[in-house]
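Colleague: I should be grateful for a close look at the largest cavity of this model. What is its volume, and which residues line the cavity?

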Amino acid sequence: MTTQEVGSPRKRKEDARLLTGRTQWTDNLSRPGTLHVMFLRSPMAHARITRIDVSGARGLPGVVAAFSGQDFEAEQGSLPCAWPRSGDTVVPDHPPMAVSEVRYVGEAVACVVATDRYRAADAMEAIEVDYEQLPAVLDMNEALGDSAAKVHESGNRAFTFRSTSGDLEAAFRDAPVVIDRTFVQQRLIPSAMEPRAVLCDTDGDMITMWTSTQIPHILRTMLALVTGVAEHKLRVVAPDVGGGFGSKLQVTAEEVLCLLLARRLGRPVKWAESRTEGNLTVHHGRDQIQHLRLAADSDGRIRGLQVELLADMGAYLVLLTPAVPLLGAQMFNAIYKMDAYEFACTGVFTTKMPTDAYRGAGRPEATFGIERMMDELAAELRMDPLEVRRRNWIRHDEFPFTTISGLTYDSGNYEAATDRAMALFGYDKLRAEQNDRRDRGDPVQLGIGVSTYTEMCGLGPSRWFGSNNAGAGGWEHGSVRVLPTGKVEVVTGSSPHGQGHVTAWSQIVADALGVPFEDVTVLHGDTAISPKGLDTYGSRSLTIGGIAVLKACDKVRDKARKLAAHLLECSPDDLEFEAGAFKVRGTESQTTIQELALAAFAAHNLPDGVEARLDSDVTFDPENFSFPHGTHLCAVEVDTETGMVKIRSYVAVDDVGKVVNPLIVDGQLHGGIAQGVAQALFEEAVYDADGNLLTATMADYLLPSAADLPDFALDRTESPATSNPLGVKGVGEAGTIASTPAVVNAVVDALRPRGVNDVQMPCTPERVWRALEGAGQ
């Protein structure tokens, strides 16, 4: 394959339309006679519903219908959990609209359908609900106590998962160094640019749903299973989707209820959330207590690692809830070699919004834990944090390498990425400045943070999913159609929400078929157009969806080769393909892919067994995950008198294998780093003692703006993946995974001479100041 397009920094095809407002977000759409639904939500974290009366709303102006959960009890089913990875997982019933009991603030208890959303909102005031308040369950440690109130009759333990490799007891026995730390991963609220919205319409026995989702194909199947609607009578469309970060990797209560309402009323029904509604009811992320113990020799070599997690599930297990913390089971060991490793995780039910996948999904949590421990080990040994990492990481000449947790890393070069990052960062010069400030007792201290990460992404091999009790595999589908005029249509099962699939897929196809970049169009996100797919999450789009498209191009060329050989009266083996044309070796005879597409369409002179089309499709299932890696370095200035943290410089050198489009890669890293920095310094979902979310608005939940972030200095090394023909690796979550520990390590590094060895995230000025006060300065 020639590579004139792959590797080129093409501006995205999508952007002209997206940036000028010529878009089709779900909330922009309307159907004739559309009705609008608003949901009445529980003001209590835990309560029995003793009475509910919606009749007062039904007679108000513009109101078409009002319903309680009891009205849908027989048909609403239970929202699905598709990955109960641990065999002992308890999956409680989860009605989309509560019937008899509510378990978090924001759970829907009734709805009003009206001619516009404002009348629906006004009419909700007329609904009467009586509650019998029950104790809120908020603290994970308390929830596991014998006297704790129960979120569900089965109790508050969702599962307990444990895996061990090597002899942990021997690793810790007589170890010269043992580090024991507890870290808290605070709860986060995904905040996509586009709030969620759903529009559902019926046409006879056909139902079409437009929804702001990352997973139209998975959603279609799950809606059929939950509601009993025949899958072939259901079409799901993800139009323009304004970001997701995992928050739209879900089968939501609102999607199920809009479908049921449209079917019952026989009219289109639409719902669009407010920001407050979103903060309450978009699934949350992270929320772990991590207890880590690390044993090492006096020279810094790691002997063993023990991980004990408590993971807050929230009130229910939604689509991937119990699997998310367990994705870290293979990642706490990271890029490091060790003799023994134990991972244990207990999932805990609380009366909060359920948690689920949020950018990185279990892997940022794991990377944070091990990278913090590596800095703690370095501090204990009075060793440079990069040196202790060098003594433990997998060398570039050791790949492929099977880790202590059982994954086989196919390629990488941690030395090259780190050397490049140190040079860009001016590492030695900054360390000298840091020492000078410490010697002078400067009230503004300099901290230097390190994060040398890897991740398992490109989710993933179907056999691995099967062996880990997932509801489905990790294949992806791609189709390539060469039209009679020589233009190319690509149909992909990947469903973009900002990643630039249309541009990147066009570049791959342009090179593979030798056609102009402008002659390729990409169709996606509609199950009537793209009927097969497993959608977009886990940095899988390029490494699986893009490879499916590439392999479909291979099949197109194979078909075209047979036809070209027939028309040129030669053996297929005598043909070489270059720049979009088949040429007979040693002659001037040739024919282009466009000419062959027209010849196939005309079908006047086809060889036996050749169809009248060049169209081809492929379902690709990867043999392994992809393992991007990199080194992120962060310098912060911490004012020890006020606790204020300012990022002075940030360098990221990432290895994502072969790069299809450098602009897209840089954009993914910018956004990912911003989200990781946000966790380190700004964001936290906070509940009060009664289970009320105190950060339900943008005024209370602090998101950083561009003014809060530094310029990021980015560079790359390249270790091509061996598990796919393009050599590509995932990039969508890399920045988020790497950046949080880099920033927190920098903050702690600035404060360590004053007795501080941890600051709980987010590292706000108040928390930094209190950490200093607690350490006695």
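Modeller: The account below begins with the largest cavity and then turns to its surroundings. The model is a predicted one. A search of the whole structure finds 5 cavities of 30 Å³ or more, and the largest of them has a volume of about 210 Å³. Its lining is made up of 23 residues. Nearest the centre of this cavity lie Tyr104, Ala253, Glu254, Thr281 and Met353. Two elements, strand E1 (35-41) and helix H7 (253-265), each contribute at least two residues to the lining. The largest share comes from H7, with 3 residues. Sorted by class, the lining of the largest cavity comprises 13 nonpolar, 6 polar and 4 charged residues.

The second largest cavity offers a point of reference. Its space amounts to about 110 Å³, and 15 residues line it. Pro190, Ala192, Glu273, Arg275 and Val282 are the lining residues nearest the centre of that second cavity. Its lining divides by class into 5 nonpolar, 5 polar and 5 charged residues.

A remark on the cysteines completes the account. The structure holds 0 disulfides. In the case of Cys81, the closest cysteine sulfur belongs to Cys345 and is 13 Å away, so the two sulfurs are too far apart for a bond. Cys81 counts as buried because its relative accessibility is 17%, under the 20% limit for that class.

Definitions and conventions:
Residues numbered from 1 in each chain as written. Predicted model: local features only at pLDDT ≥ 70, side-chain atom pairs only at ≥ 80, totals over all residues. Heavy atoms only, no water. 1 Å grid on protein atoms, 1.4 Å probe; cavity = no way out; pocket = protein on both sides within 12 Å on 5 of 7 lines; lining within 4 Å. Points joined across faces, edges and corners; volume = space filled by probe spheres on them. Helix = DSSP H or I, 4+ residues; strand = E, 2+ residues; numbered from the N terminus. Nonpolar A, V, L, I, M, F, W, Y, C, P; charged D, E, K, R; others polar. Disulfide = S-S within 2.5 Å. Buried < 20%, exposed > 50% of the residue type's maximum accessible area, 1.4 Å probe, protein only.
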